[in-house]
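Here's a quick walk through a two-part model, starting with a term we'll need and then going from single residues out to whole chains. Have the viewer open as you read.

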Amino acid sequence: MIRDITIGQYYPSDSILHRLDPRVKLIGTFLFIVSLFLFDSLYGYIAVAVFLVTIIKLSKVPFRFIAKGMKAIVVLMLFMAFFNLFFTPGNTIFQIWIIKITDNGLRQAIFMGIRLIFLILGSSLMTFTTTPNQLTDGLEKIMKPLNRIKVPVHEISMMMSIALRFIPILLEETDKIMKAQMARGADFESGGVLKRAKSLIPLLVPLFVSAFRRANDLAMAMEARCYRGGDGRTKMKPLRYQNRDYLAYTCVLAYFAIVIALGILENRLF
Amino acid sequence: MEMIKVKNLTFEYIRRDEEGNVESINKAIDNVNLDVKKGDFIAILGANGSGKSTLAKHINAILYPTDGGVWVNGMNTAEEKNLWEIRQTAGMVFQNPDNQIIATVVEEDVGFGPENLGVPTQEIWERVEKSLEAVGMLEFRNSSPNKLSGGQKQRVAIAGIMAMKPQCIVLDEPTAMLDPNGRKEVIATVRELNKKENVTVILITHHMDEVIYADKVFVMERGQVKMEGTPREIFTRVDEIKKYRLDAPQVTELAYELKKAGVNLPDGILTVEELIEAIKLIKK
């Protein structure tokens, strides 16, 4: 059951989107998410949908693969739809007892749902087309200016990439410890919430001990390989903008401008 | 000049109670002297707790001497200004292959050392390619380390050290967590680096069959060097080795027992081939 958890699912392929600089994808995704909240008309939704479909086609990630990832948020969507549907004030169009559905509620539920789907689609497309390493590299480069206000940017990105490297190792270890404890009669599955939480202690204690031991070993190995922080370090794979990256920036900005224009047209922004 | 010189080295682990008073002093290394020439293949043998790993960590300036000193290529490890140059000169490979690989792609991990040294990008690529080729892992350059076997991971770790162009590699029980095939792979790689690239090798282990190719063997027990000599010299003294909680290679032990039982065999047989030759001679 533990193996089902995947973080930073990367879909290996050789599309133009995969080859883009991670910074473009990070900034593009950010602008895309912002753009989702700048309009409230049907035309806006159509514009976003067209943009999204184009990007998905370009990414060469099969739609079924993306749809599989959406399963995880079904509960969240239902939850949101429920609250929007029943608790938004407006003209009642349907009522049983104290439960009533208003026109605004219905509209909100549908449109917020679509927005959420767009949001998840857009951001998961970024993780599908970018390896975790590229992501941390991109983040490090984008955040670089924060170094001046004493944010340890390099250290944060190093921690992120080490965490990514050790997630599968620790998952495997969890599995192993779990089996070892089960072989000695530990029971992780029955009982109430409290009992189950308690039964995790014999799993978590050895896991933490081993994680600290690994951290200690790794720190020593890094020091032995002359690691001394980000200063004076060079990069094996430095990020450099190519022509396609500038083109991508132009496309994203054009999209952003269109959405803003639509927003202004419907007098939502000002 | 010696590659590595250890003189009267003593190291104490001091255990303190909660108020900071000394509770007990444990001498992990007790007055050790050791000279390693450039290009040598040295093996340090010892059972658990004999102080061999502690000694290794002194060469890489991870631990500092309580008394005495260690010089790497003439640089004193106790002086802080030498720290990074020492670590670059004497690279270190550790026991657990998982806990020393930093990146999620093989080639990026090999590039980690040169990146830290500030090597220009173009040269990093050249070094990565060369070191991966030297350990025979070039075809796995784009793989994830999680998909490799233990022996392969350890070879990647060795490549990561080689990419820093060290003159000396210290391997701290590199095969302790590997299966027999992985062990063979790693030892063959280390021998080849020693011969082809003329890298000084210090191999720390408790597997006897790994030291038979070494130029010189040191046997440690309770923090002291108890025996030193060529593998053949060491393995003629099977009884003494056993006293230090170590085992001679199986063939050596067989030959030793045969000799004790009256078969006319020479001393210090190290490989199966040697034993066969010796027995053939007797039959004639």
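Contact here means heavy atoms within 4.5 Å. Keep in mind that this is a predicted model.

With that cut-off in hand, take Arg196(A). Setting aside neighbours within four places in sequence, Arg196(A) is in contact with Phe188(A), Glu189(A), Ser190(A) and Gly191(A). Arg196(A) sits in helix α9 of chain A, which covers residues 193-199. Its relative accessible area is 42%, so Arg196(A) counts as partly exposed. If you measure back along the chain, Gly185(A) is 11 residues away in sequence from Arg196(A), and their C-alpha atoms are 14 Å apart in space.

Now for another helix of chain A. Is Thr29(A) buried or exposed? Thr29(A) has 10% relative accessibility, and the limit for buried is under 20%, so Thr29(A) counts as buried. Thr29(A) belongs to helix α2, residues 22-35 of chain A. Beyond the neighbours within four places in sequence, Thr29(A) is in contact with Gly122(A), Ser123(A) and Met126(A).

Two backbone spots are worth a click. Lys150(A) has a phi near 65°, a positive value in a residue other than glycine. You'll find Lys150(A) in the loop between α7 (132-143) and α8 (153-183) of chain A, and with a relative accessible area of 76% Lys150(A) is exposed. Over in chain B, Asn31(B) has a positive phi too, about 55°, although Asn31(B) is not a glycine. Asn31(B) lies in strand β2 (residues 22-36) of chain B and is partly exposed, at 45% relative accessible area.

Zooming out, here are the two chains side by side.

| Chain | Residues buried | Contacts 24 or more positions apart, among those with a separation of 6 or more | Accessible surface | Carbon and sulfur share of surface |
|---|---|---|---|---|
| Chain A | 37% of 270 residues | 72% | about 16700 Å² | 69% |
| Chain B | 54% of 284 residues | 63% | about 13100 Å² | 46% |

Chain A has 11 helices and 2 strands. Reading from the N terminus, the elements of chain A go α-α-α-α-α-β-β-α-α-α-α-α-α. Chain B has 10 helices and 10 strands. The radius of gyration of chain B is 20 Å, close to the 19 Å from the globule rule for 284 residues, so chain B is as compact as a globular protein of that length. For chain A, the radius of gyration is 24 Å, whereas a compact globule of 270 residues would come out near 18 Å. The C-alpha trace of chain A spans about 65 × 55 × 40 Å along its principal axes.

On charges, chain A carries 33 positive and 18 negative side chains, with the centres of the two sets 2 Å apart. Chain B has 36 positive and 44 negative charges, and their mean positions are 5 Å apart.

So how do the chains meet? Interface size is often quoted as the accessible area lost when the parts come together. Between chain B and chain A, about 3100 Å² is buried, and carbon and sulfur atoms give 55% of that. On the chain B side, Trp84(B), Asn99(B) and Asn116(B) lose the most area to chain A, together 23% of what that side buries. The contact takes 39 residues from chain B and 27 residues from chain A.

Notes
Residues are numbered from 1 along each chain as its sequence is written. Chains are lettered from A and ligands numbered from 1 in the order in which they are written. This is a predicted model: local features need pLDDT of at least 70, side-chain atom pairs count only at pLDDT 80 or more; totals for chains, interfaces and linings use all residues. Side-chain values use heavy atoms; hydrogens and water are left out. Helices (H or I, at least four residues) and strands (E, at least two) are DSSP runs, numbered from the N terminus. The radius of gyration is taken over C-alpha atoms; the globule rule is 2.2 Å times the number of residues to the power 0.38. Buried means under 20% relative accessible area, exposed over 50%, partly exposed in between (1.4 Å probe, protein chains only). Accessible areas come from the Shrake-Rupley method with a 1.4 Å probe; for residues, only the protein chains shown count as cover. Lys and Arg count as positive and Asp and Glu as negative; His and the chain ends are not counted. The place of a charge is taken as NZ of Lys, CZ of Arg, CG of Asp or CD of Glu. Buried area is the accessible area (1.4 Å probe) that two parts lose on being put together, summed over both.
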